[in-house]
Amino acid sequence: MTELLPPDAKIGLTNCDREPIHIPGGIQPIGFLLALSADWLVQRAANTVDFIGIEPEELLGKSLPDVFAKSAVDLIRERLAMLRGKDSVERLFAVPLLSDGSLFDLALHFSARSVILEAEPSKGDQVEVSSATRNILSRLATSRDVDSLLNEGARQARALLGFDRVMIYRFADDESGEVVAQSVARGFDSFLGLNFPATDIPQQARKLYVRNTFRIIGDATAEQVPIMQRGDGEPLDLSLSLYRAVSPIHLEYLRNMGVAASLSISIIVNGRLWGLIACHHYEPRMPSFAQRSAAELFGQIFSLQLESRLNADTSDYEAKARDVGNRVMSTAAQDPQKLLDAEWLWQMMNDAIECDGLMVHMEGEISSAGLHPDEAAFKKLVERLNTEDAQVIHHSHELPRYLGVDSLDSGAAGFLAIPISRRPRDYMVLFREEHLRSVRWAGEQAKHTRQTDDGVELSPRKSFEAWKQTISGQSRPFTPAEIGVARSLRTSLLEIVLRLSEAASEERK
Ligand code: BLA
């Protein structure tokens with residue numbers, strides 16, 4: 001039995017997340033692939049006829065020096081010795097692989113105990129591409145802030161690769177994504193501001209894209225070529241391969257979108273997949289090996305520049321927040337009663353963590369300012385917080401959902417609670433108002449999501465028609481930087497409150 005899921009259903013692991021995309025058993029027909037044993041015997045081969053004129057089956061069991069020119073084999077051996085770390089790939093340009101002197105560009109890496117060699121005829125454009133890349137990278141370096149870097153990144157990636165559409169696609173905390181910058185050729189629609197659900201890029205693909213930061217699908221209709229091997233044996237892990245065959249589900253997605261070629265480069269910030277530089281072309285398109293190598297480098301440099309700007313923004317913010325924290329602490333240390341003055345606290349805290357109101361719960365007393373829930377709802381919140389781990393900052397941009405109610409009359413929709421004593425638990429709670437927003441999705445989620453007896457089954461949507469969803473009952477979320485600030489405020493506040501209660505018990509003696 002199958003039924004459509006409601007649009008806001010939370011989807012767990014799906015059929016898509018279980019597809020083993022790293023062992024597809026085949027490659028895209030971009031070049032040829034050989035897997036070699038430690039003693040240089042060909043163990044597996046794919047797509048060799050068109051490039052070196054030998055059937056893959058004929059190559060199996062042959063020694064590499066019997067297939068390629070001696071100088072090429074020596075070069076390959078030398079470069080293999082330079083492979084560093086488990087995820088590294090060596091590239092060689094314009095190698096005379098065959099005895100007729102024809103030139104190939106190639107990539108080498110290890111997969112389990114095999115050496116994987118992938119090669120395609122060289123376009124001989126390496127020098128030209130690297131000089132163009134130098135110009136492109138220097139333009140990137142001139143953008144001062146995050147937004148201009150994103151726009152410039154899209155523009156320069158399109159200059160480098162010539163795809164019809166280049167998008168900077170940023171992931172949100174829930175792994176859905178939004179097109180935050182783009183550069184498009186004349187005559188194509190804009191995708192700017194469109195959101196795509198998390199399920200468009202399954203979990204294992206996201207993990208893989210952290211290890212291997214570049215992938216191309218040159219022709220979404222091309223047949224994949226099987227990898228030949230003698231006997232059976234584990235399927236070859238193609239995680240780091242340049243030619244890895246693409247998931248048929250994803251190919252269907254691209255064809256539904258009308259896209260013939262797709263190229264994406266991972267944007268990695270502080271070790272995490274921040275987003276993708278996603279490129280579409282409406283005809284098949286295969287940039288040269290040198291261009292693809294340059295694009296990979298472009299992605300790495302773009303990521304570093306974005307990381308340094310984002311980290312600089314965070315540290316500016318943290319310095320400002322630290323300053324506010326210090327002012328709160330020094331005032332409260334002189335006059336501890338200030339900690340029950342919600343109006344004063346709200347004005348101060350709002351400079352560190354933007355909020356629309358604040359409530360304090362301390363030793364049975366409650367004080368409030370600005371926008372806040374009524375006392376009954378607040379007590380319910382405090383009760384709920386008392387069941388949580390007191391060592392961490394609790395927050396939610398969905399307060400009604402956190403309290404298990406439909407809505408709150410006050411309009412408070414988000415909270416962040418800073419515990420200010422150990423026991424009984426006292427809190428300072430910041431509130432944020434509801435932030436009604438509409439999200440433009442590329443296509444309606446419910447139409448391609450089914451609940452089956454074995455779980456959720458997804459199939460790529462057929463329509464990417466913009467579909468507007470209005471989201472209510474939520475505030476703007478608290479950012480990781482804001483939560484970090486709350487965490488350090490908690491430590492200092494705890495100290496003051498502790499001193500306060502010690503002083504009070506001294507007095508009582
Ligand atoms: C992979 N999905 C991808 C990739 C992108 C997207 C960019 C990386 C591969 C590539 O470069 O094409 C999705 N493409 C997008 C998005 C935008 C875009 C969001 O241009 C927005 C701008 N996909 C589905 C469903 C499944 C699925 C329902 O929609 C599973 C049933 C699977 N997507 C899927 C798989 C991959 C993928 C398996 C990995 C492809 C691979 O690397 O082999």
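I count a residue as buried under 20% relative accessible area, exposed over 50% and partly exposed in between, with a 1.4 Å probe and protein chains only.

**Setup**

I'm working on a predicted model, where local features need pLDDT of at least 70 and side-chain atom pairs count only at pLDDT 80 or more, while totals for chains, interfaces and linings use all residues. Residues are numbered from 1 along each chain as its sequence is written, and side-chain values use heavy atoms, with hydrogens and water left out.

**Overall look**

I started with the whole chain. Of its 509 residues, 50% count as buried. Along the principal axes, the C-alpha atoms fill a box of roughly 95 × 50 × 50 Å. I get 14 helices and 24 strands; these are DSSP runs numbered from the N terminus, H or I with at least four residues for helices and E with at least two for strands.

**Salt bridges**

My cut-off here is a side-chain nitrogen of Lys or Arg within 4 Å of a carboxyl oxygen of Asp or Glu. The structure holds 14 such salt bridges. I looked up three of them.

Lys70 and Asp74 came up with an N to O distance of 2.8 Å. Both sit in helix 5 (residues 70-80), and because they are 4 residues apart, about one helical turn separates them. Exposed or partly exposed, I wondered about Lys70? Lys70 is exposed, at 62% relative accessible area, whereas Asp74 is partly exposed at 31%.

Next was Arg91 with Glu296, at 2.4 Å from N to O. Arg91 belongs to strand 5 and Glu296 to helix 10, so this pair ties together parts that are 205 residues apart in sequence. I checked the cover: Arg91 is buried with a relative accessible area of 19%, and Glu296 is buried with 17%.

The third pair is Lys379 and Glu375, with 3.9 Å from N to O. They are 4 residues apart in helix 12 (residues 375-386), which means a separation of about one helical turn. Lys379 is partly exposed at 46% relative accessibility, and Glu375 is partly exposed at 43%. I also noted a network back in the first pair's neighbourhood list: salt bridges with shared partners join Lys70, Asp74 and Arg77.

**Negative patch**

Which residues gather in a patch of negative charge on the surface? I found Asp145, Asp147, Asp313 and Asp316 there. For patches I take residues with over 30% relative accessible area and no salt bridge, joining like charges within 9 Å and nonpolar side chains (Val, Leu, Ile, Met, Phe, Trp, Tyr) within 5 Å. Lys and Arg count as positive, Asp and Glu as negative, with His and the chain ends not counted. I place a charge at NZ of Lys, CZ of Arg, CG of Asp or CD of Glu. The areas are Shrake-Rupley values with a 1.4 Å probe, and for residues only the protein chains shown count as cover. Of this patch I followed up Asp316, which lies in helix 10 (residues 289-334) and is exposed at 55% relative accessible area.

**Sheets**

I call two strands paired if DSSP finds at least two bridges between them. One open sheet has 6 strands in the order 5-6-7-3-4-13, with antiparallel pairing. Its edges are strand 5 (90-96) and strand 13 (228-229), each of which pairs on one side only. Inside this sheet I looked at strand 6 (residues 103-111) and strand 7 (residues 114-121), which pair antiparallel over 8 bridges. Ala107 has Glu118 of strand 7 as its bridge partner.

Then I turned to strand 8 (residues 165-171), where 6 of the 7 residues are buried. How many bridges join strand 8 to strand 9? I get 7, and strand 9 (residues 177-184) runs antiparallel to strand 8. Ile168 has Ala181 in strand 9 as its bridge partner. The two strands make a hairpin with 5 residues between them, and Glu175 in the turn has a positive phi of about 70 degrees. Strand 8 is also joined to strand 15 (residues 272-281) by 6 bridges, again antiparallel. There, Met167 stands opposite Ala278.

**A loop contact**

My last lookup was Ser421, in the loop between strand 19 (412-419) and strand 20 (427-433). Ser421 is buried, with a relative accessible area of 11%. Its C-alpha atom is separated by 7.9 Å from that of Leu493, 72 residues apart along the chain.
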